[in-house]
Amino acid sequence: MAPATAPSPRSWEIDAARGLMLLLMTVTHLPTRFTSPLGQPFGYVSAAEGFVLLSAYMAGMVYGRVAWRKSVAEMHHAFWRRALKIYACHAALLLFVFTVIAFIGIRIEQPAVVDLLNFYVKQPFTALVGGLLLLYEPPLLDILPLYVLFMLASPWVMVLAFVWGWRPVMVVSGLVWLAAQFGLSHWVYDGINALVPLPVPFNETGAFVMWSWQFLWMLGLWMGAARNDPNAPAFTFPRWSVLLALALAIFLMGWRHLVGQIPFHPEGPYAAFNPWFDKWALGPMRMINLFALVVLAIHYGPRLATRMPRQRWLETLGSASLPVFCAHLVLVLVVLAGLGAKCDRSWGMDLALLAAAFAVLYAVARATLWLEKKPGEDTTPPAVLAPGQKRPPMYPPASARQGVQPKPRDPPKAKVAPG
């Protein structure tokens, strides 16, 4: 009889959810007839929000576990290695776009590519240097720079949370998000530009408002780090909050599919409320919609996971999320350069295009996992402590703390332990 296979240390539910987000982003970015009806399928929330939240959740869980089992210094190094890897992917994509895609698009005068690389066409050297410095972020290439910056900031945030708890971290993050709704990005850009003139105009620094999206990253980081305290009681939502979240989710999803991805007509009397649903700045109504879905996922997710069959192909995509994400961008850019941004092809051609794209992404995921030949990040929760038992201090030796000697204590118990 063959030996039993050791169970995977990964959270297959998270991998499957990340795989689903990757497929939805591919459908959204590829110019097909499916782009509009399948964009934001769950309401006024896109796959990007889900992917960022899940990525931050995994970062908090995996790298927080490194701090538990090894040291805070090892956690810092793990975050920095991941940031370097993401930056290398971003630089490779930039060079691909500025060479292959630019050559094809400009040579055949493809409007989709010319519009995409308008600043690069005018100032190629400035665009290249600015892109490598994470200042110039053309469309489709503006999310990996966010990941790099968030990864670099995360270990410092985690240390602050270990010492002071997550409440002050989330309060500060929420206030920054609020300031971003009133133009914080413009203020920061203008302030830096007054001191050091920036060669990249503000409208070329990326569509995603970093000061808004950091709140989503911090939320996921906190939720993931909470799983590393096995003695923290699982937070159960009051029945009224689950019912309210369910009502909001159903209402907003119905509104999105009845009205469209723009909640109010741009020239109608209520157009002034559209920024409340804005994706790039994570407007208030979009955050409410996202919170409702998160409550439902935490409340109903464990029961659904035990009843639904495992979608291993989605798990495969989610297990290799970074290579698959980069591959989906390459596919989208190639299609834009060759076919343009119009969605006037037949349904059959669009179905074939999506099927081919999904097959390529799956092949990339399988090849990545085969080359790595390792299970990936360990996401198994630490063992529950016996009554009265304490964990060793998480802090590294004094030499690694550069003279800072905080009083060792167990990290505070989180209020939420997503399951």
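This report walks through a predicted model of one protein chain, from its overall make-up down to a few single residues.

## The big picture

Let's start with the whole chain. Its secondary structure comes to 16 helices and 0 strands. Of the 419 residues, 48% are buried.

The chain also brings together residues that sit far from each other in sequence. Take the contacts with a separation of 6 or more: 82% of them are between residues 24 or more positions apart. On the outside, about 21500 Å² is exposed, and carbon and sulfur atoms supply 70% of that area.

## Two nonpolar cores

Inside, the largest nonpolar core has 107 residues. If you want to find its best-connected members, look for M75, L117, W166, W213, W217 and L221, which have the most contacts inside this core. The helix that gives the most to it is α3, spanning residues 47–69, with 15 residues. There is also a second, separate core of 5 residues, and Y44, W255, F264 and F277 are among them.

L221 is a handy place to zoom in. Setting aside its neighbours within four places in sequence, L221 is in contact with A56, Y57, A59 and G60, among others. The list of its contacts also includes F79, S154, V157, M158 and W166. That last one, W166, is another of the residues with the most contacts inside the largest core.

## Salt bridges

Next come the charged residues. Side chains of opposite charge can pair when their charged atoms come close. In this chain the count comes to 4 salt bridges.

One of them joins E49 and R286, whose closest N and O atoms are 2.6 Å apart. This pair ties together distant parts of the chain: E49 is in helix α3 and R286 is in helix α13 (residues 284–307), 237 residues apart. Both E49 and R286 are buried.

Another salt bridge links R310 with E315, at 2.7 Å between the closest N and O atoms. Here the two partners fall into separate classes. R310 has 37% relative accessibility, so it counts as partly exposed, whereas E315 has a relative accessible area of 9% and is buried.

## Around T32

T32 lies in the loop between α1 (12–29) and α2. Is it buried or exposed? T32 has a relative accessible area of just 2%, so it is buried. Neighbours within four places in sequence aside, T32 is in contact with C343, R345, D350, L353 and L354.

Two of those contacts, R345 and D350, also meet each other: their side chains form a salt bridge, with 3.1 Å from N to O. R345 is buried because its relative accessible area is 11%. D350 is at 0% relative accessibility, so it counts as buried too.

## Two loop residues with positive phi

Finally, here are two spots in the backbone. Q40 is a residue other than glycine, but its phi is positive, near 50°. You'll find Q40 in the loop between α2 (35–38) and α3. Its relative accessibility is 7%, so Q40 counts as buried.

L134 is not a glycine either, and has a positive phi of about 65°. It is found in the loop between α7 (124–132) and α8 (144–164). Where the cut-off for buried is under 20% relative accessible area, L134 counts as buried because its relative accessibility is 16%.

How values were computed. Residues are numbered from 1 along each chain as its sequence is written. This is a predicted model: local features need pLDDT of at least 70, side-chain atom pairs count only at pLDDT 80 or more; totals for chains, interfaces and linings use all residues. Side-chain values use heavy atoms; hydrogens and water are left out. A nonpolar core is a set of buried Ala, Val, Leu, Ile, Met, Phe, Trp, Tyr and Cys residues joined through side-chain atoms within 4.5 Å. Buried means under 20% relative accessible area, exposed over 50%, partly exposed in between (1.4 Å probe, protein chains only). Helices (H or I, at least four residues) and strands (E, at least two) are DSSP runs, numbered from the N terminus. Contact means heavy atoms within 4.5 Å. Accessible areas come from the Shrake-Rupley method with a 1.4 Å probe; for residues, only the protein chains shown count as cover.
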